[in-house]
Amino acid sequence: MTIHATLIPGDGIGPDITDATTRLLEAAGAEITWDRQLAGMAAVAAAGDPMPDVTLESIKRTKLALKGPLETPVGTGFRSVNVALRKTFDLYANVRPAKSVVPGLRFKDVDIILVRENTEGLYIGIENYVRIGDDDRAAAQSIAVVTRYGAERIHRYAFDLAVRLGRQKVTLVHKANILKYSQGLFLDVGREIAKEYTGKVEVEERIVDACAMELVTKPERYDVIVTTNLFGDILSDLTSGLVGGLGLTPGANIGRNAAIFEAVHGTAPDIAGKGVANPTAVMLAACQMLDHVGKPELATRIQQAIEATLREQQTVTRDIGGTANTAAFTDAVIAKL
Ligand code: NAI
């Protein structure tokens with residue numbers, strides 16, 4: 001059955017790495033009809049809007065998108081495209097797997113899936129200054145909002161994912177010892193949801209600071225992590241670093257109304273247009289997408305070809321110590337299929 005998906009090539013290295021990815025998917029026999037749409041600076045240049053309605057309409061229709069990185073114009077007053085997408089499609093779960101594949105790194109046995117709540121917490125955007133005397137900015141406050149609804153759905157998502165993938169353990173990461181209300185509610189809800197999965201998957205709790213320390217001393221003891229927005233943002237960059245960096249880490253944004261898959265990295269302006277970017281992260285994001293639409297065998301086959309190419313280190317890109325360009329790496333992965 002043909003999959004209908006929106007393809008946003010993006011800015012900077014985006015077109016190169018998304019082209020490489022669609023070429024790989026085609027070679028693997030994935031039947032996908034792409035609706036190509038613009039966003040970011042490419043859309044500003046073409047239509048004067050970084051998030052054109054036609055692109056949103058396309059995602060509303062397909063409910064599925066693969067997205068290259070988008071340049072966020074600084075100081076021009078354009079709204080953030082990522083925030084617009086998150087809000088429009090209620091993309092509440094950000095899923096970032098980090099797995100040791102590249103040889104020769106400090107850590108060898110990392111295989112962590114971090115599930116980050118993507119819509120609440122300190123990122124909800126309720127902030128203000130407090131005026132005292134003549135000083136308009138004498139103080140500032142940012143409010144963290146955790147709802148039972150939001151906490152339930154992210155915990156349930158994490159536990160369901162763990163069970164579906166046959167993972168051993170879910171770690172609830174929090175700071176409920178200090179933030180007794182917002183983090184306390186998040187943890188309490190997590191404990192309630194965990195009971196529904198008794199016997200199916202193990203559960204443990206970690207305070208976020210202890211978790212950060214353990215992630216760099218014994219990362220192999222972590223399996224699936226579920227946490228709030230800010231902690232997830234920080235810890236998922238940490239887990240990327242454990243396995244070789246940004247060029248390798250994909251991210252899925254899952255919502256009730258759509259799912260958007262992308263690399264964790266940005267547009268890499270320093271290497272844009274040179275044809276040397278590492279397409280691995282977007283390729284792995286495409287595997288997450290195939291898995292999401294019920295094609296896990298195809299996703300696994302493509303992922304194994306990518307991992308075999310990375311493991312061999314014969315034809316890899318410069319960011320991970322090789323000399324190959326984007327096209328040569330893609331050819332090598334296709335040869336492994
Ligand atoms: P960046 O991730 O684009 O680049 C950081 C460093 O990593 C650079 O040295 C770059 O060459 C390297 N790098 C990144 N991806 C690579 C790849 N696939 N292969 C080889 N090397 C790679 O971060 P930066 O420079 O802070 O941001 C550049 C632009 O990207 C900004 O406009 C930012 O707003 C945007 N951005 C967009 C994101 C998205 O759309 N999801 C996420 C992060 C940043």
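Here are four short exercises, each with a worked solution, on a predicted model of a protein chain.

**Exercise 1: the two domains**

Work out which stretches of the chain belong to each domain, and how far apart the domain centres lie.

*Solution.* Start with the division of the chain. Domain 1 takes in 1–92 + 246–337, and domain 2 covers 106–242. Next, look at the spacing: the C-alpha centres of domain 1 and domain 2 are 25 Å apart. Finally, check where the domains meet. Ten residues of domain 1 are in contact with twelve residues of domain 2.

**Exercise 2: helices H3 and H4**

Decide whether H3 and H4 are roughly parallel, roughly antiparallel, roughly perpendicular or oblique to each other.

*Solution.* First, find the two helices: H3 spans residues 53–62 and H4 spans residues 81–89. Their axes are 12 Å apart and make an angle of about 40°. Now for the cut-offs: under 35 degrees counts as roughly parallel, while roughly perpendicular runs from 65 to 115. The angle of about 40° fits neither of those ranges, so H3 and H4 are oblique to each other. As for handedness, H3 passes H4 in a right-handed crossing.

Then see who does the touching. On the H3 side you'll find Leu56, Ile59 and Lys60, and they meet Leu85, Thr88 and Phe89 in H4. Sorted by class, the residues of this contact of H3 with H4 come out as four nonpolar, one polar and one charged.

**Exercise 3: helices H9 and H10**

Do the same job for H9 and H10: find how they are oriented to each other, then list the residues in their contact.

*Solution.* H9 is residues 280–292 and H10 is residues 296–312. They pack with their axes 7 Å apart, at an angle of about 160°. An angle over 145 counts as roughly antiparallel, so that's what H9 and H10 are. H9 passes H10 in a left-handed crossing.

On to the contact. H9 brings Thr280, Met283, Leu284, Cys287, Leu290 and Asp291. H10 brings Pro296, Leu298, Ala299, Ile302, Gln303, Ile306 and Leu310. By class, the contact of H9 with H10 has ten nonpolar, two polar and one charged residues.

**Exercise 4: a closer look at Gln183**

Is Gln183 buried or exposed?

*Solution.* Begin by placing Gln183: it sits in helix H6, residues 182–195. Its relative accessible area is 6%, and buried means under 20%, so Gln183 is buried. To see what surrounds Gln183, set aside its neighbours within four places in sequence. That leaves contacts with His174, Lys175, Ala176, Thr228 and Phe231.

How values were computed
Residues are numbered from 1 along each chain as its sequence is written. This is a predicted model: local features need pLDDT of at least 70, side-chain atom pairs count only at pLDDT 80 or more; totals for chains, interfaces and linings use all residues. Side-chain values use heavy atoms; hydrogens and water are left out. Helices (H or I, at least four residues) and strands (E, at least two) are DSSP runs, numbered from the N terminus. Buried means under 20% relative accessible area, exposed over 50%, partly exposed in between (1.4 Å probe, protein chains only). Contact means heavy atoms within 4.5 Å. Axes are lines fitted to C-alpha atoms, for helices over the stretch in contact, and angles run from 0 to 180 degrees between N-to-C directions. A crossing is left-handed if the near helix is turned anticlockwise from the far one by less than a right angle, and right-handed if clockwise. Ala, Val, Leu, Ile, Met, Phe, Trp, Tyr, Cys and Pro count as nonpolar, Asp, Glu, Lys and Arg as charged, and the others, Gly among them, as polar. Domain bounds come from an automatic or database domain assignment.
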